[in-house]
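This report describes the overall build of one protein chain, then its core, and then a pair of packed helices.

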Amino acid sequence: MIVYIILMEKMKDMKILLCRIFIMAVMIALASFSHTASLAGDVKGRVVCIDPGHQLHADSSPDPIGPGSATTKACVSSGTSGVVAGPEHAVVLDVGLRLRDLLTTQGITVVMTRTTADVSICNSERAAIANEAKADLCIRLHCDAGSKHICIMLNPVKIQGWTDDIYDESLKAAGIVQTAYSTYTGIPDGGLTPRSDMTGFNWSDVPVILPEMLEMQNVDDDKLAATPEFRQKMAEGLEKGIVEYLETLPPKHAGTSGYVIR
Ligand SMILES: [Zn+2]
């Protein structure tokens, strides 16, 4: 009987010990999970470069379309304009500033290639700004000159030595942002258009995309682009897509448990 009681006591001790070990293991697992989760899906500290396309005055001086290229395009073209929305360069700047504020609120660092209309920055120089900032994504904001009620997304073609290193991520970002933007704004999705001749793509060392957010010769799109409410909606649609893309990226900083430094 005494042996039995001692045995029972021992088993009780064992149960308590096992219970303690189990609770400790659960707590460790939870702690490491929350640590991983806070880094993996966290957009805070990410860097986004916003390049509102064009500028007040076009600049036709030659700008090589890629590093070492003999082919040149205009430094910056004039862009299109809407009857009521006004010039493209002003619409995309307004949307860009709204997008900057939305992303900044999320803890994302935003680098603007321009914040005013009257600047003189070639497309290759705009790419250099995003490269210098080591941006996680560069988004070049434009409106198309077409007359359909549609939005399209331009993405780089894979060119050895120019865009081969940013092709995959750019394509992924293009798809995510295009879907989010089209869904949120209600502007029909015209899909992706890969381009090999875009100076701002070929000089880029960071993932880069170019949404043609609407078509300014379309009467309805022109009217939409003229209102502050819809410009805000455009910015919000882009924000949703950008955040969704950034959340797909691997953790940025090396923590105590060996995360990769990018
Ligand atoms: Zn444009």
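## Basis and overall build

A residue is called buried if 20 or more other C-beta atoms lie within 10 Å of its own, exposed if 12 or fewer do, and partly exposed in between, with C-beta atoms placed from the backbone. By this criterion, 38% of the 262 residues of the chain count as buried. The model is predicted, and local features need pLDDT of at least 70, side-chain atom pairs count only at pLDDT 80 or more, and totals for chains, interfaces and linings use all residues. Residues are numbered from 1 along each chain as its sequence is written.

The chain has seven helices and ten strands, taken as DSSP runs (helices H or I, at least four residues; strands E, at least two) numbered from the N terminus.

## The nonpolar core

A nonpolar core is a set of buried Ala, Val, Leu, Ile, Met, Phe, Trp, Tyr and Cys residues joined through C-beta atoms within 7 Å. The largest one has 51 residues, and Val48, Leu137, Ile139, Val177 and Ile242 have the most contacts inside it. Helix α7 (residues 228-246) gives the largest share of this core, seven residues.

## Helix α2 and its packing

The end C-alpha atoms of α2 (residues 88-105) are 26 Å apart, which agrees with the 26 Å expected for its 18 residues at 1.5 Å a residue, where the expected span is 1.5 Å times one less than the number of residues. Among the buried residues of α2 are Val95, Leu99 and Leu103, and just after this helix glycine 107 takes a positive phi of about 90°.
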